[in-house]
Amino acid sequence: MDEERSLSLVQLMTNEGLVPSTEEEDKRRNVIQKLKEIVLAWVKRVAWQRRLPKEQIAETHATILTYGSYGLGVHGSDSDIDALCLGPEFATMAEDFFVVLHNMLKSRPEVSEIHCVKDAKVPLMRFKFDGILIDLPYARLHVLSVPENVDVLNPFFLRDLDETSWKSLSGVRANKCILQLVPDLEKFQSVLRSIKLWAKRRGVYGNLHGFLGGVHLAILVAHVCQNHPKGSLNTLVANFFKTYAYWPWPTPVMLQDPMLPAAGYPSETRSLMPIRLPCSPHEYCHSNITRSTFYKIRTEFLRGHNTTRDLMRPDFDWHFLFEPFPYSKKYARFVKVYLSASNQDELGDWVGWVKSRFRSLILKLEEVQGLCDPNPTEYIDVDVTVPHVVFYWGLQPGRTNLLDIVAVEKDFLKNIHNGFQGSPGRMELLVVQASQLSKSSQLDSGSGRRTKACWKNLDYNLPRIPVYSQHLPNYIIGYVDAKADSKYPSAGG
(Lines give C-alpha, C1' and ligand atoms only; values in the text may rest on other atoms or scores of the structure.)
Protein backbone atom coordinates (compact mmCIF):
# COMPACT_ATOMS: atom_id res chain seq x y z
CA MET A 1 0.00 0.00 0.00
CA ASP A 2 2.86 2.39 0.85
CA GLU A 3 4.49 1.84 -2.55
CA GLU A 4 1.12 2.15 -4.26
CA ARG A 5 0.51 5.57 -2.66
CA SER A 6 3.98 6.76 -3.74
CA LEU A 7 3.45 5.56 -7.33
CA SER A 8 0.07 7.30 -7.52
CA LEU A 9 1.71 10.56 -6.44
CA VAL A 10 4.42 10.20 -9.11
CA GLN A 11 1.71 9.55 -11.71
CA LEU A 12 -0.20 12.65 -10.59
CA MET A 13 2.91 14.81 -11.02
CA THR A 14 3.47 13.34 -14.49
CA ASN A 15 -0.14 14.04 -15.47
CA GLU A 16 0.26 17.64 -14.25
CA GLY A 17 3.20 18.16 -16.64
CA LEU A 18 5.69 18.54 -13.78
CA VAL A 19 8.09 15.98 -15.25
CA PRO A 20 9.59 17.08 -18.59
CA SER A 21 9.95 14.61 -21.45
CA THR A 22 13.29 13.30 -22.73
CA GLU A 23 13.01 15.62 -25.74
CA GLU A 24 12.42 18.66 -23.50
CA GLU A 25 15.40 17.71 -21.34
CA ASP A 26 17.63 17.37 -24.41
CA LYS A 27 16.51 20.79 -25.65
CA ARG A 28 17.43 22.43 -22.33
CA ARG A 29 20.82 20.72 -22.26
CA ASN A 30 21.50 21.96 -25.79
CA VAL A 31 20.53 25.51 -24.81
CA ILE A 32 22.94 25.46 -21.85
CA GLN A 33 25.73 24.10 -24.02
CA LYS A 34 25.20 26.81 -26.64
CA LEU A 35 25.20 29.47 -23.91
CA LYS A 36 28.52 28.13 -22.62
CA GLU A 37 30.00 28.38 -26.11
CA ILE A 38 28.75 31.96 -26.50
CA VAL A 39 30.14 32.96 -23.10
CA LEU A 40 33.51 31.40 -23.93
CA ALA A 41 33.70 33.38 -27.19
CA TRP A 42 32.61 36.49 -25.27
CA VAL A 43 35.34 36.29 -22.62
CA LYS A 44 38.04 35.81 -25.27
CA ARG A 45 36.76 38.87 -27.12
CA VAL A 46 36.85 40.88 -23.89
CA ALA A 47 40.38 39.61 -23.17
CA TRP A 48 41.45 40.78 -26.63
CA GLN A 49 39.88 44.21 -25.99
CA ARG A 50 41.94 44.38 -22.79
CA ARG A 51 45.09 43.73 -24.87
CA LEU A 52 46.00 40.67 -22.86
CA PRO A 53 48.85 38.47 -24.20
CA LYS A 54 47.86 35.88 -26.82
CA GLU A 55 48.78 33.02 -24.51
CA GLN A 56 46.50 34.40 -21.80
CA ILE A 57 43.63 34.94 -24.25
CA ALA A 58 43.93 31.31 -25.33
CA GLU A 59 43.77 30.10 -21.74
CA THR A 60 41.05 32.40 -20.36
CA HIS A 61 37.59 30.94 -19.74
CA ALA A 62 34.15 31.89 -18.45
CA THR A 63 31.28 29.54 -17.78
CA ILE A 64 27.57 29.06 -17.08
CA LEU A 65 26.17 27.39 -13.95
CA THR A 66 22.47 26.61 -13.54
CA TYR A 67 20.48 26.95 -10.33
CA GLY A 68 16.87 27.36 -9.19
CA SER A 69 14.37 24.67 -10.17
CA TYR A 70 16.46 23.59 -13.17
CA GLY A 71 19.64 23.35 -11.10
CA LEU A 72 17.81 21.24 -8.51
CA GLY A 73 16.28 19.01 -11.18
CA VAL A 74 12.66 19.89 -10.30
CA HIS A 75 11.73 21.97 -13.34
CA GLY A 76 8.55 21.35 -15.29
CA SER A 77 7.71 21.28 -18.98
CA ASP A 78 7.20 25.05 -19.15
CA SER A 79 9.81 26.12 -16.57
CA ASP A 80 12.42 28.74 -17.31
CA ILE A 81 16.14 28.34 -16.63
CA ASP A 82 18.08 30.29 -14.02
CA ALA A 83 21.69 30.41 -15.24
CA LEU A 84 24.60 32.34 -13.75
CA CYS A 85 27.36 33.72 -15.97
CA LEU A 86 30.73 33.55 -14.18
CA GLY A 87 33.51 35.66 -15.64
CA PRO A 88 37.09 36.63 -14.75
CA GLU A 89 38.11 39.82 -12.98
CA PHE A 90 38.80 41.84 -16.14
CA ALA A 91 35.23 41.36 -17.50
CA THR A 92 33.01 44.07 -15.98
CA MET A 93 29.25 44.00 -15.59
CA ALA A 94 28.51 47.50 -16.95
CA GLU A 95 30.59 47.38 -20.12
CA ASP A 96 31.29 43.76 -20.92
CA PHE A 97 28.22 41.93 -19.65
CA PHE A 98 25.45 44.45 -20.36
CA VAL A 99 26.89 45.69 -23.67
CA VAL A 100 29.30 43.22 -25.27
CA LEU A 101 27.59 39.97 -24.23
CA HIS A 102 24.16 41.54 -24.71
CA ASN A 103 25.00 42.42 -28.31
CA MET A 104 26.45 38.97 -28.98
CA LEU A 105 23.30 37.31 -27.68
CA LYS A 106 21.03 39.71 -29.57
CA SER A 107 22.74 38.83 -32.85
CA ARG A 108 21.98 35.12 -32.44
CA PRO A 109 18.96 33.77 -34.37
CA GLU A 110 17.98 31.56 -31.40
CA VAL A 111 17.66 34.58 -29.07
CA SER A 112 14.52 36.73 -28.82
CA GLU A 113 12.95 39.23 -26.43
CA ILE A 114 16.28 40.10 -24.82
CA HIS A 115 16.32 42.91 -22.28
CA CYS A 116 18.35 44.04 -19.30
CA VAL A 117 17.05 44.27 -15.72
CA LYS A 118 19.71 46.51 -14.24
CA ASP A 119 17.84 47.88 -11.22
CA ALA A 120 16.98 44.55 -9.60
CA LYS A 121 18.66 43.37 -6.40
CA VAL A 122 20.43 40.88 -8.63
CA PRO A 123 20.95 42.61 -12.03
CA LEU A 124 20.44 40.26 -14.98
CA MET A 125 19.60 39.79 -18.63
CA ARG A 126 16.33 38.08 -19.49
CA PHE A 127 15.72 36.52 -22.89
CA LYS A 128 14.33 33.53 -24.71
CA PHE A 129 16.74 31.03 -26.26
CA ASP A 130 15.05 28.59 -28.65
CA GLY A 131 11.80 29.56 -26.93
CA ILE A 132 13.01 28.85 -23.37
CA LEU A 133 13.04 31.81 -20.96
CA ILE A 134 16.50 32.41 -19.46
CA ASP A 135 17.40 34.59 -16.47
CA LEU A 136 21.13 35.36 -16.65
CA PRO A 137 22.81 37.32 -13.83
CA TYR A 138 26.57 37.87 -13.69
CA ALA A 139 29.27 37.32 -11.08
CA ARG A 140 32.89 38.42 -11.49
CA LEU A 141 35.52 36.27 -9.78
CA HIS A 142 39.01 37.49 -8.90
CA VAL A 143 40.76 35.08 -11.24
CA LEU A 144 42.06 35.42 -14.79
CA SER A 145 40.22 32.29 -15.96
CA VAL A 146 37.09 30.59 -14.59
CA PRO A 147 37.13 26.78 -14.87
CA GLU A 148 34.11 25.24 -16.61
CA ASN A 149 33.09 23.32 -13.48
CA VAL A 150 34.21 25.93 -10.97
CA ASP A 151 33.59 25.01 -7.32
CA VAL A 152 31.57 27.93 -5.99
CA LEU A 153 31.97 26.63 -2.44
CA ASN A 154 35.77 26.87 -2.60
CA PRO A 155 36.90 29.97 -0.63
CA PHE A 156 39.60 30.59 -3.25
CA PHE A 157 36.96 31.66 -5.77
CA LEU A 158 35.05 33.76 -3.22
CA ARG A 159 37.87 36.15 -2.37
CA ASP A 160 37.12 39.89 -2.44
CA LEU A 161 33.81 39.58 -4.26
CA ASP A 162 31.79 42.73 -4.78
CA GLU A 163 28.32 42.77 -3.23
CA THR A 164 26.48 42.23 -6.53
CA SER A 165 28.59 39.19 -7.43
CA TRP A 166 28.07 37.73 -3.96
CA LYS A 167 24.28 38.08 -4.28
CA SER A 168 24.38 36.58 -7.76
CA LEU A 169 26.34 33.59 -6.45
CA SER A 170 24.06 32.88 -3.48
CA GLY A 171 21.48 30.91 -5.48
CA VAL A 172 24.12 28.68 -7.09
CA ARG A 173 25.85 28.09 -3.77
CA ALA A 174 22.57 27.26 -2.00
CA ASN A 175 21.64 24.78 -4.75
CA LYS A 176 24.99 23.02 -4.61
CA CYS A 177 24.85 22.71 -0.82
CA ILE A 178 21.32 21.31 -0.88
CA LEU A 179 22.23 18.70 -3.49
CA GLN A 180 25.23 17.64 -1.40
CA LEU A 181 23.32 17.45 1.89
CA VAL A 182 20.17 15.50 0.96
CA PRO A 183 20.49 11.73 1.57
CA ASP A 184 18.47 10.61 -1.49
CA LEU A 185 18.41 13.04 -4.42
CA GLU A 186 15.61 11.36 -6.37
CA LYS A 187 13.24 11.31 -3.40
CA PHE A 188 14.11 14.92 -2.54
CA GLN A 189 13.26 15.98 -6.10
CA SER A 190 9.94 14.13 -6.09
CA VAL A 191 8.92 15.59 -2.73
CA LEU A 192 9.90 19.11 -3.80
CA ARG A 193 7.89 18.83 -7.03
CA SER A 194 4.88 17.77 -4.96
CA ILE A 195 5.27 20.55 -2.41
CA LYS A 196 5.70 23.23 -5.07
CA LEU A 197 2.48 22.09 -6.75
CA TRP A 198 0.70 22.16 -3.37
CA ALA A 199 2.02 25.65 -2.57
CA LYS A 200 0.90 27.05 -5.94
CA ARG A 201 -2.56 25.45 -5.75
CA ARG A 202 -3.14 26.60 -2.18
CA GLY A 203 -1.96 30.18 -2.82
CA VAL A 204 1.17 30.16 -0.63
CA TYR A 205 3.87 30.31 -3.34
CA GLY A 206 5.41 33.64 -4.29
CA ASN A 207 8.01 35.64 -2.41
CA LEU A 208 6.82 39.02 -3.70
CA HIS A 209 3.37 38.40 -2.21
CA GLY A 210 4.81 37.50 1.17
CA PHE A 211 4.69 33.74 0.74
CA LEU A 212 7.32 31.03 0.22
CA GLY A 213 9.71 31.13 -2.74
CA GLY A 214 11.54 28.29 -4.45
CA VAL A 215 14.62 28.38 -2.22
CA HIS A 216 12.47 28.43 0.94
CA LEU A 217 10.61 25.29 -0.12
CA ALA A 218 13.81 23.54 -1.22
CA ILE A 219 15.42 24.02 2.21
CA LEU A 220 12.24 23.04 4.08
CA VAL A 221 11.99 19.82 2.04
CA ALA A 222 15.72 19.07 2.37
CA HIS A 223 15.43 19.42 6.15
CA VAL A 224 12.68 16.78 6.26
CA CYS A 225 14.64 14.47 3.95
CA GLN A 226 17.68 14.73 6.25
CA ASN A 227 15.58 13.83 9.30
CA HIS A 228 13.91 10.86 7.54
CA PRO A 229 16.66 9.44 5.28
CA LYS A 230 14.92 6.08 4.72
CA GLY A 231 11.39 7.44 4.26
CA SER A 232 9.30 6.58 1.21
CA LEU A 233 7.95 9.34 -1.03
CA ASN A 234 4.50 9.49 0.54
CA THR A 235 5.96 9.22 4.07
CA LEU A 236 8.26 12.17 3.37
CA VAL A 237 5.35 14.29 2.09
CA ALA A 238 3.34 13.43 5.21
CA ASN A 239 6.31 14.23 7.46
CA PHE A 240 6.79 17.56 5.67
CA PHE A 241 3.34 18.73 6.76
CA LYS A 242 3.63 17.18 10.22
CA THR A 243 6.98 18.92 10.79
CA TYR A 244 5.92 22.42 9.78
CA ALA A 245 2.34 22.29 11.09
CA TYR A 246 3.87 22.25 14.57
CA TRP A 247 7.20 24.01 13.98
CA PRO A 248 8.01 26.42 16.86
CA TRP A 249 8.53 29.58 14.79
CA PRO A 250 10.58 31.80 14.92
CA THR A 251 13.06 28.98 15.63
CA PRO A 252 15.00 28.91 12.35
CA VAL A 253 15.01 25.92 10.01
CA MET A 254 18.62 24.86 9.36
CA LEU A 255 20.07 21.99 7.37
CA GLN A 256 22.49 19.64 9.09
CA ASP A 257 25.86 20.50 7.62
CA PRO A 258 28.97 18.83 9.07
CA MET A 259 31.12 21.60 7.57
CA LEU A 260 29.43 24.29 9.71
CA PRO A 261 29.46 24.71 13.50
CA ALA A 262 26.21 23.56 15.13
CA ALA A 263 25.86 26.64 17.32
CA GLY A 264 27.47 29.87 18.34
CA TYR A 265 25.95 32.18 15.73
CA PRO A 266 23.11 34.67 16.27
CA SER A 267 19.70 33.61 15.01
CA GLU A 268 17.59 35.64 12.60
CA THR A 269 15.13 37.61 14.72
CA ARG A 270 13.58 39.92 12.11
CA SER A 271 11.72 37.23 10.15
CA LEU A 272 8.56 35.44 11.24
CA MET A 273 9.71 32.25 9.50
CA PRO A 274 13.53 32.31 9.41
CA ILE A 275 15.17 29.76 7.09
CA ARG A 276 18.95 29.67 7.04
CA LEU A 277 20.76 29.44 3.74
CA PRO A 278 22.98 26.35 3.64
CA CYS A 279 26.76 26.73 3.60
CA SER A 280 26.64 30.04 5.44
CA PRO A 281 26.00 30.35 9.20
CA HIS A 282 25.24 34.08 8.95
CA GLU A 283 22.85 34.23 5.96
CA TYR A 284 19.11 33.66 5.90
CA CYS A 285 16.69 33.48 2.99
CA HIS A 286 15.24 36.84 2.03
CA SER A 287 11.64 36.90 3.19
CA ASN A 288 8.61 39.17 2.68
CA ILE A 289 6.38 37.22 5.06
CA THR A 290 3.91 39.36 7.05
CA ARG A 291 1.39 38.57 9.81
CA SER A 292 -1.27 37.76 7.20
CA THR A 293 0.84 35.48 5.04
CA PHE A 294 2.39 33.83 8.11
CA TYR A 295 -1.11 32.92 9.29
CA LYS A 296 -2.11 31.61 5.83
CA ILE A 297 1.05 29.49 5.45
CA ARG A 298 0.64 27.94 8.91
CA THR A 299 -3.05 27.26 8.23
CA GLU A 300 -2.15 25.47 5.00
CA PHE A 301 0.61 23.46 6.72
CA LEU A 302 -2.01 22.29 9.24
CA ARG A 303 -4.52 21.44 6.50
CA GLY A 304 -1.81 19.48 4.68
CA HIS A 305 -1.03 17.57 7.87
CA ASN A 306 -4.70 16.75 8.50
CA THR A 307 -5.01 15.57 4.90
CA THR A 308 -1.92 13.32 4.91
CA ARG A 309 -1.86 12.05 8.52
CA ASP A 310 -3.58 8.80 7.48
CA LEU A 311 -2.30 7.97 4.01
CA MET A 312 -3.31 4.30 4.30
CA ARG A 313 -7.04 4.86 4.66
CA PRO A 314 -8.95 3.30 1.72
CA ASP A 315 -10.58 6.53 0.52
CA PHE A 316 -7.37 8.63 0.51
CA ASP A 317 -6.87 10.65 -2.67
CA TRP A 318 -3.86 12.87 -3.42
CA HIS A 319 -6.07 15.23 -5.43
CA PHE A 320 -7.64 16.55 -2.22
CA LEU A 321 -4.22 17.82 -1.04
CA PHE A 322 -3.80 19.75 -4.29
CA GLU A 323 -7.29 21.23 -4.53
CA PRO A 324 -7.12 24.95 -5.50
CA PHE A 325 -7.76 27.29 -2.59
CA PRO A 326 -11.49 28.27 -2.58
CA TYR A 327 -11.08 32.06 -2.49
CA SER A 328 -14.66 32.97 -3.43
CA LYS A 329 -16.06 30.63 -0.76
CA LYS A 330 -13.59 31.69 1.91
CA TYR A 331 -13.95 35.47 1.52
CA ALA A 332 -16.98 37.69 1.09
CA ARG A 333 -14.90 40.72 0.11
CA PHE A 334 -11.73 41.30 -1.89
CA VAL A 335 -9.33 44.11 -2.62
CA LYS A 336 -9.09 44.24 -6.39
CA VAL A 337 -5.66 45.45 -7.55
CA TYR A 338 -5.97 46.61 -11.17
CA LEU A 339 -2.82 47.38 -13.19
CA SER A 340 -2.84 48.54 -16.80
CA ALA A 341 -0.57 50.21 -19.37
CA SER A 342 -0.75 51.45 -22.94
CA ASN A 343 0.97 48.39 -24.43
CA GLN A 344 2.07 44.91 -23.42
CA ASP A 345 5.76 45.79 -23.04
CA GLU A 346 5.04 48.72 -20.72
CA LEU A 347 2.59 46.56 -18.78
CA GLY A 348 5.30 43.99 -18.06
CA ASP A 349 7.61 46.71 -16.81
CA TRP A 350 4.87 48.28 -14.67
CA VAL A 351 3.60 45.01 -13.18
CA GLY A 352 7.12 43.88 -12.31
CA TRP A 353 7.79 47.14 -10.48
CA VAL A 354 4.47 47.24 -8.60
CA LYS A 355 4.80 43.59 -7.51
CA SER A 356 8.21 44.39 -6.04
CA ARG A 357 6.40 46.92 -3.80
CA PHE A 358 3.49 44.70 -2.80
CA ARG A 359 4.80 44.10 0.72
CA SER A 360 4.11 47.73 1.68
CA LEU A 361 0.52 47.41 0.43
CA ILE A 362 -0.02 44.19 2.41
CA LEU A 363 1.33 45.87 5.56
CA LYS A 364 -0.95 48.89 5.04
CA LEU A 365 -4.01 46.68 4.61
CA GLU A 366 -3.08 44.79 7.77
CA GLU A 367 -2.82 48.10 9.61
CA VAL A 368 -6.24 49.40 8.61
CA GLN A 369 -8.19 46.18 8.05
CA GLY A 370 -6.62 43.20 9.78
CA LEU A 371 -5.50 40.03 8.01
CA CYS A 372 -5.63 39.85 4.22
CA ASP A 373 -4.84 37.02 1.81
CA PRO A 374 -2.82 38.31 -1.19
CA ASN A 375 -3.62 35.69 -3.83
CA PRO A 376 -0.46 35.58 -6.02
CA THR A 377 -2.28 34.58 -9.22
CA GLU A 378 -2.73 37.14 -11.99
CA TYR A 379 -6.09 37.33 -13.74
CA ILE A 380 -7.39 38.93 -16.92
CA ASP A 381 -10.79 40.61 -17.26
CA VAL A 382 -12.07 39.59 -20.71
CA ASP A 383 -14.28 42.69 -20.85
CA VAL A 384 -11.29 45.05 -20.65
CA THR A 385 -9.49 45.81 -23.92
CA VAL A 386 -6.32 47.60 -22.74
CA PRO A 387 -3.33 45.51 -21.60
CA HIS A 388 -3.87 44.78 -17.91
CA VAL A 389 -3.68 42.29 -15.04
CA VAL A 390 -5.86 41.97 -11.95
CA PHE A 391 -5.16 40.58 -8.48
CA TYR A 392 -7.89 39.66 -5.98
CA TRP A 393 -6.82 39.69 -2.33
CA GLY A 394 -9.19 38.23 0.24
CA LEU A 395 -10.16 40.39 3.22
CA GLN A 396 -10.64 38.96 6.68
CA PRO A 397 -14.28 37.93 7.28
CA GLY A 398 -16.23 39.69 9.99
CA ARG A 399 -14.34 43.00 9.98
CA THR A 400 -16.04 46.33 9.34
CA ASN A 401 -16.91 47.20 5.73
CA LEU A 402 -15.72 50.78 6.28
CA LEU A 403 -12.31 50.26 4.71
CA ASP A 404 -11.00 53.60 3.40
CA ILE A 405 -9.57 52.11 0.20
CA VAL A 406 -9.03 55.58 -1.28
CA ALA A 407 -6.54 56.46 1.47
CA VAL A 408 -4.80 53.10 1.04
CA GLU A 409 -4.58 53.65 -2.72
CA LYS A 410 -3.16 57.15 -2.27
CA ASP A 411 -0.51 55.85 0.12
CA PHE A 412 0.49 53.01 -2.21
CA LEU A 413 0.60 55.26 -5.29
CA LYS A 414 3.21 57.41 -3.54
CA ASN A 415 5.27 54.30 -2.90
CA ILE A 416 5.21 52.93 -6.44
CA HIS A 417 5.82 56.26 -8.17
CA ASN A 418 8.90 56.87 -6.05
CA GLY A 419 11.90 55.67 -8.04
CA PHE A 420 10.11 54.23 -11.07
CA GLN A 421 12.20 54.99 -14.16
CA GLY A 422 9.85 54.05 -17.00
CA SER A 423 6.46 55.25 -18.15
CA PRO A 424 4.12 54.59 -15.20
CA GLY A 425 0.92 52.72 -15.94
CA ARG A 426 -2.36 52.89 -14.07
CA MET A 427 -3.04 51.38 -10.63
CA GLU A 428 -6.46 51.19 -9.00
CA LEU A 429 -7.64 49.64 -5.75
CA LEU A 430 -11.27 48.68 -5.27
CA VAL A 431 -13.17 46.72 -2.63
CA VAL A 432 -15.45 44.20 -4.35
CA GLN A 433 -17.91 41.63 -3.02
CA ALA A 434 -17.47 37.98 -3.94
CA SER A 435 -20.82 38.19 -5.77
CA GLN A 436 -19.40 40.96 -7.99
CA LEU A 437 -16.48 38.92 -9.26
CA SER A 438 -16.36 38.39 -13.00
CA LYS A 439 -16.88 34.78 -14.03
CA SER A 440 -13.73 35.09 -16.13
CA SER A 441 -11.73 35.51 -12.93
CA GLN A 442 -12.21 31.82 -11.99
CA LEU A 443 -10.64 32.42 -8.58
CA ASP A 444 -11.19 28.86 -7.38
CA SER A 445 -10.07 27.00 -10.50
CA GLY A 446 -6.33 27.48 -10.16
CA SER A 447 -6.35 28.44 -13.84
CA GLY A 448 -5.23 32.05 -13.58
CA ARG A 449 -1.90 32.88 -15.07
CA ARG A 450 1.26 33.08 -13.02
CA THR A 451 4.00 35.06 -14.71
CA LYS A 452 7.50 36.01 -13.82
CA ALA A 453 7.95 39.77 -13.82
CA CYS A 454 8.89 40.70 -17.35
CA TRP A 455 10.37 43.97 -18.43
CA LYS A 456 10.14 46.44 -21.26
CA ASN A 457 11.84 45.46 -24.50
CA LEU A 458 14.11 47.96 -26.18
CA ASP A 459 12.74 49.45 -29.37
CA TYR A 460 15.49 48.83 -31.89
CA ASN A 461 13.89 51.24 -34.36
CA LEU A 462 14.91 54.10 -32.07
CA PRO A 463 18.27 55.84 -32.65
CA ARG A 464 21.19 53.79 -31.33
CA ILE A 465 24.32 55.26 -29.83
CA PRO A 466 27.73 53.58 -29.82
CA VAL A 467 29.50 52.58 -26.61
CA TYR A 468 33.27 52.96 -26.80
CA SER A 469 35.75 50.73 -25.03
CA GLN A 470 37.51 52.21 -22.02
CA HIS A 471 40.58 50.21 -22.97
CA LEU A 472 40.91 50.51 -26.77
CA PRO A 473 40.84 54.05 -28.23
CA ASN A 474 38.01 54.63 -30.71
CA TYR A 475 36.90 50.98 -30.49
CA ILE A 476 33.11 50.46 -30.39
CA ILE A 477 32.10 47.53 -28.19
CA GLY A 478 28.38 47.76 -28.94
CA TYR A 479 25.29 49.94 -29.18
CA VAL A 480 22.56 50.93 -26.73
CA ASP A 481 19.17 52.54 -27.11
CA ALA A 482 19.32 56.34 -27.26
CA LYS A 483 17.01 56.53 -24.24
CA ALA A 484 19.09 54.10 -22.19
CA ASP A 485 21.61 55.15 -19.63
CA SER A 486 24.92 54.05 -21.11
CA LYS A 487 26.67 54.55 -17.80
CA TYR A 488 24.60 51.81 -16.07
CA PRO A 489 24.76 53.38 -12.61
CA SER A 490 23.17 50.38 -10.91
CA ALA A 491 25.10 47.67 -12.69
CA GLY A 492 27.64 47.22 -9.97
CA GLY A 493 30.72 47.71 -12.10
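These are my notebook entries on a few spots I looked up in this predicted model.

**Entry: the disulfide**

I started with the cysteines. Searching the whole structure, I found 1 disulfide. The partners are Cys-177 and Cys-279, with an S to S distance of 1.0 Å. Where do Cys-177 and Cys-279 sit in the chain? I found Cys-177 in helix H6, which covers residues 163–181, and Cys-279 in the loop between H9 and H10. They are 102 residues apart, so I noted that the pair links distant parts of the chain. Next I checked the twist: the torsion about the S-S bond is about -120 degrees, so I wrote this disulfide down as left-handed. Both of its cysteines are buried.

I looked up two other cysteines as well. Cys-116 has a relative accessible area of 22%, and because buried means under 20%, I have to call Cys-116 partly exposed. Cys-225 comes out at 3%, so that one goes down as buried.

**Entry: H8 against H9**

Cys-225 belongs to H8, so I turned to that helix and its contact with H9. To describe two packed helices, I need the angle between their axes and the distance between the axes. For H8 (residues 214–227) and H9 (residues 233–245), I got an angle of about 110 degrees and axes 10 Å apart. That makes H8 roughly perpendicular to H9, because angles of 65 to 115 degrees count that way.

Which residues meet here? From H8 I listed Leu-220, Val-221, His-223, Val-224 and Cys-225; from H9 I listed Leu-236, Asn-239, Phe-240, Thr-243 and Tyr-244. Sorted by type, the contact has 7 nonpolar residues, 3 polar and no charged.

**Entry: Asn-239**

I picked one residue of that contact to follow up. Asn-239 is in helix H9. Is Asn-239 buried or exposed? Its relative accessible area is 15%, so I put it down as buried. Skipping its neighbours within four places in sequence, I found Asn-239 in contact with Val-224 and His-228. I also looked up Asn-227, 12 residues away along the chain: its C-alpha atom and that of Asn-239 are separated by 9.5 Å.

**Entry: Thr-293**

My last stop was Thr-293, in helix H10, which covers residues 291–308. Its relative accessibility is 0%, so it counts as buried. A polar atom of the Thr-293 side chain lies 2.8 Å from the backbone nitrogen of Thr-290. What does Thr-293 contact, leaving aside neighbours within four places in sequence? I noted His-209, Gly-210, Phe-211 and Pro-374.

Notes:
Residues are numbered from 1 along each chain as its sequence is written. This is a predicted model: local features need pLDDT of at least 70, side-chain atom pairs count only at pLDDT 80 or more; totals for chains, interfaces and linings use all residues. Side-chain values use heavy atoms; hydrogens and water are left out. Helices (H or I, at least four residues) and strands (E, at least two) are DSSP runs, numbered from the N terminus. Buried means under 20% relative accessible area, exposed over 50%, partly exposed in between (1.4 Å probe, protein chains only). A polar contact is a pair of N or O atoms within 3.5 Å; within protein, one must be able to donate a hydrogen and the other to accept it, and residues adjacent in sequence count only if both atoms are side-chain atoms. Contact means heavy atoms within 4.5 Å. Axes are lines fitted to C-alpha atoms, for helices over the stretch in contact, and angles run from 0 to 180 degrees between N-to-C directions. Angles under 35 degrees count as roughly parallel, over 145 as roughly antiparallel, 65 to 115 as roughly perpendicular and the rest as oblique. Ala, Val, Leu, Ile, Met, Phe, Trp, Tyr, Cys and Pro count as nonpolar, Asp, Glu, Lys and Arg as charged, and the others, Gly among them, as polar. A disulfide is a pair of cysteine sulfur atoms within 2.5 Å.
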